[in-house]
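Trainee: I should like to learn how to read a structure that is new to me. May we go through it feature by feature?

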Amino acid sequence: MNIPRFWRKINNRYNLMGTKCENCGQTYFPPRNICPNCRREGEIVEHSFEDEIGELITYTIIRSAAEDHEKETPYILGIIELEENTRLTSQIVNCEIEDVEIGMKLKPVFRKLGEQSKDGLLFYGVKFSPIGKEE
Amino acid sequence: MKDVAVVGVGITEFGEKWNSSFREIFLNAGIQALEDAGVKGEDIDEAYIGNMSAGRFIAQEHVSALIADYAGLSEMNVPATRVEAACASGGLALRQGFLSVASGVQDTVVVGGVEKMTDVQSEQSVEILAAASDREWEAFYGATFPGLYALIANRHIHKYGTTRDQIAQVAVKNHYNATMNPKAQFQNKITKEMVKNATKVADPLTLFDSSPITDGAAAVVLVPAEKAHQYTDNPVYITGSGQASDTISIHDRNDITTIESTKAAAQTAYKMANKDQSDIDVAEVHDCFTIAEILAIEDLGFCEKGKGGKMVEEGITELDGKLPINPSGGLKACGHPVGATGIKQAVEITNHLRGEAGERQVEADVGLCHNVGGSGGTATVHILSREEQK
C-alpha cells in the first residue's frame, strides 16, 4: 500500500470513523458512500465507532501469511461486530491463541498494522483487545 | 433465445508445469477442444478466456490478444475477450460464451480458462490471491484466503456443530476421486488423520484442507443446439446459466456461513433449466477449501442449511453415493488453476454426461457446475443436460 492510498483513509483507520445513513439509521464500517438499503434516497454522514465495545463473531489463527504479514505469524484474525450488522475484519491482540473464543467482548486499540520495508513505511490502525487487557 | 450445446472439450494435465508457458498451456487445451468438436479455426466466431491474474502471475495483460494470436486466430481477426472475476473467471467466461451463442449473435464460440501460477514464489501467490478479497479492509489487516474460509469454518462449527472430521472428509473424498483422474494434480489417497495433522494454515484449516497452486487450462466449444449434430453424435446441452453477486467481504454478510451469490445463481439456473436440486445427478462444486464444499452443497439446496457436514459424513456425496460431488477430485485434488477451474468443471460434467469419464464415470443425465469468485462475491451455476431444453 503506498502513502496516498493509506493516508486518504487515515481518519477511518486511526479513529474507527465509519459512516451512517440518516435515512434508515444503519451504520457502516468500513465506511460506505452509498447505503445499500436506501441507495440514492440515503443520507450518508460520518459516524465514529471509537468508543464501541465489539463482540467477536468468528476468528482464525493465521499461521501462513502473505509477505507483508509473515513476520507477525501466528496471529489471531477475527470478525468483530461493532453494532448490529456493522462488522469489520481485524486482528485480536493481548490474547493468547488458546484463550480466544466466539462471543468475547473487545475494545479497539491503536497498533502497528504493518510495514513496507522497501520504503521504511509504518502503517498504524485499530486492532482489538479483550476488555481489561487493553495495555 | 437459442439453446446452446457443448460439442467439444479439452483439458491439460493440472499441476506444477515448470516446462510449460502460459500460452502453451492454453493452446494445449484449446486444440484438444477443437479436435474433439471437429471445428476448424475458420469456423470460430468468437473466443472468451477466463483468467484471474496473468498481470500479477506472469506480468502479462492483454492475454485475449496473446491467445488469439498464438492460436492462429488473429489473421482472421476473431474477437477474443478476457473475463475476470477472481476464481470464478472461468464460470463467467462460460456464461459469456453461452450468452453469445444463445443470443444468436455468434454460432461457434470457444471458451477457455487458463492460469499459470507457478512462475511466482508461494508467498507471492498468497498475496496475489488475496487480491480477490477487499484489499483495503480485509487483506491489509492480515486476512489471507485460507484465513477468510477459516473464519467461515469456525462460525459454521459454532453455529451448526459441524465437526472437524466432517470437514476433513471432504478432502479425503476428493483425493480418492482424483486417483481415477489422470489429469489431476494429486492422484493419491489421504486419510482424515493426515488432513487434521497436516501443516496448519489458518485454524481449523490445514494445508490438506486447501486447494493447491496449479498450472492448467481447459476449453469447450459451444454452438447452437440445432447445429450440434453436425459436430457430434453426443452433444451436451447447457440448459441453465446463473450468475450472482454478494458482498466482497464476508464481514458485511448477515450470515457469514451462507454465500448468497451461490443461492441466487442456483435459483436463476434451476429456473432457466426448468429443474430443481432434486433433478441433479452429479455436481462439480467450488471446494477451494474443504469448508467451501460444505457451504456449496447447502447453498445449492442439496441439503438443509447446517447439514452439509452430515451429508458428507453419510457418504451421500461420494462417487457411489446418491449425489456424487466433485468426481474430478475438485479444486482440492484435481488442482485449482484459478481462471481455468470454471471451465474444467464444465469439461468434467460433459464427460460424465457423454459417458466418457473413464474409471470415475457416474450415472447421470443432468449435472451442475458451481464456480465461486473470492469468498463468494461472485458465483456462477450452470446446468448441463443430455437432453435439449424444450
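**Reading strands, chains and contacts**

Mentor: Let us begin with a pair of strands in this predicted model. Strand 4 (residues 109-115) of chain B and strand 7 of chain B run antiparallel and are joined by 7 bridges. Within this pairing, B:Val109 has B:Leu222 of strand 7 as its bridge partner.

Trainee: What holds such strands together in general, and which other strand pairs with strand 7 of chain B over 7 bridges?

Mentor: Strands of a sheet pair through backbone hydrogen bonds, and the pairing is either parallel or antiparallel. Here, strand 1 (residues 4-11) of chain B pairs with strand 7 of chain B in the antiparallel sense, over 7 bridges. One position in that pairing is B:Gly10, whose bridge partner in strand 7 is B:Ala219.

Trainee: How many residues of strand 7 of chain B are buried?

Mentor: A residue counts as buried if 20 or more other C-beta atoms lie within 10 Å of its own. In strand 7 (residues 216-224) of chain B, 8 of the 9 residues are buried, so the strand is largely enclosed by the rest of the structure.

Trainee: How is the same idea applied to a single residue, and why does B:Gly97 count as buried?

Mentor: B:Gly97 has 31 C-beta neighbours inside 10 Å, and therefore counts as buried. This residue lies in helix 4 (residues 89-102) of chain B.

Trainee: Which residues does B:Gly97 touch, leaving out those up to four places away in sequence?

Mentor: B:Gly97 touches B:Tyr48, B:Val109, B:Val111 and B:Leu222. Of these, B:Val109 and B:Leu222 are the bridge partners named earlier. By way of contrast, B:Lys196 stands 99 residues from B:Gly97 in sequence, and their C-alpha atoms are 40 Å apart.

Trainee: Let us turn to the whole of chain B. How many helices and strands does chain B have?

Mentor: Chain B comprises 14 helices and 11 strands. Its radius of gyration is 19 Å, close to the 21 Å that the globule rule gives for 390 residues, so chain B is as compact as a globular protein of that length. The C-alpha trace of chain B spans about 55 × 45 × 40 Å along its principal axes. Of its 390 residues, 63% count as buried. Among the contacts in chain B between residues at least 6 apart in sequence, 77% join residues at least 24 apart.

Trainee: How does chain A read on the same points, and what is the order of its elements from the N terminus on?

Mentor: Chain A has 2 helices and 8 strands, and its elements run α-α-β-β-β-β-β-β-β-β. A compact globule of 135 residues would have a radius of gyration near 14 Å, and the 16 Å of chain A agrees with this. Of the 135 residues of chain A, 36% count as buried. Among its contacts between residues at least 6 apart in sequence, 46% join residues at least 24 apart.

Trainee: How does one read the order of strands in a sheet, and which strands of the sheet with order 2-1-3 in chain A stand at the edges?

Mentor: The order lists the strands as they lie side by side. In chain A, an open sheet of 3 strands has the order 2-1-3, with antiparallel pairing. Strand 2 and strand 3 (44-48) of chain A stand at the edges with a single partner strand each, so one side of each has no neighbour in the sheet. Strand 1 (residues 17-21) of chain A is joined to strand 3 of chain A by 5 bridges, and A:Lys20 has A:Val45 of strand 3 as its bridge partner.

Trainee: Into which domains is chain A divided?

Mentor: The domain assignment gives domain 1 (13-50) and domain 2 (52-130) of chain A. Their centres, taken over C-alpha atoms, are 22 Å apart. Each domain brings 10 residues to the contact between domain 1 and domain 2 of chain A.

Trainee: Finally, how many residues of each chain take part in the contact between chain A and chain B?

Mentor: The contact joins 28 residues of chain B to 28 residues of chain A. On the chain B side, helix 5 (122-129), helix 6 (145-160) and strand 5 (200-202) each give two or more residues. Helix 6 of chain B gives the most, with 6 residues. The chain B side divides into 11 nonpolar, 9 polar and 8 charged residues.

Notes:
Residues numbered from 1 in each chain as written. Chains lettered and ligands numbered in written order. Predicted model: local features only at pLDDT ≥ 70, side-chain atom pairs only at ≥ 80, totals over all residues. Helix = DSSP H or I, 4+ residues; strand = E, 2+ residues; numbered from the N terminus. Rg over C-alpha atoms; globule rule 2.2 N^0.38 Å. Buried ≥ 20, exposed ≤ 12 C-beta atoms within 10 Å, placed from the backbone. Contact = placed C-beta atoms within 7 Å. Domains from an automatic or database assignment. Nonpolar A, V, L, I, M, F, W, Y, C, P; charged D, E, K, R; others polar. Pairing = 2+ DSSP bridges.
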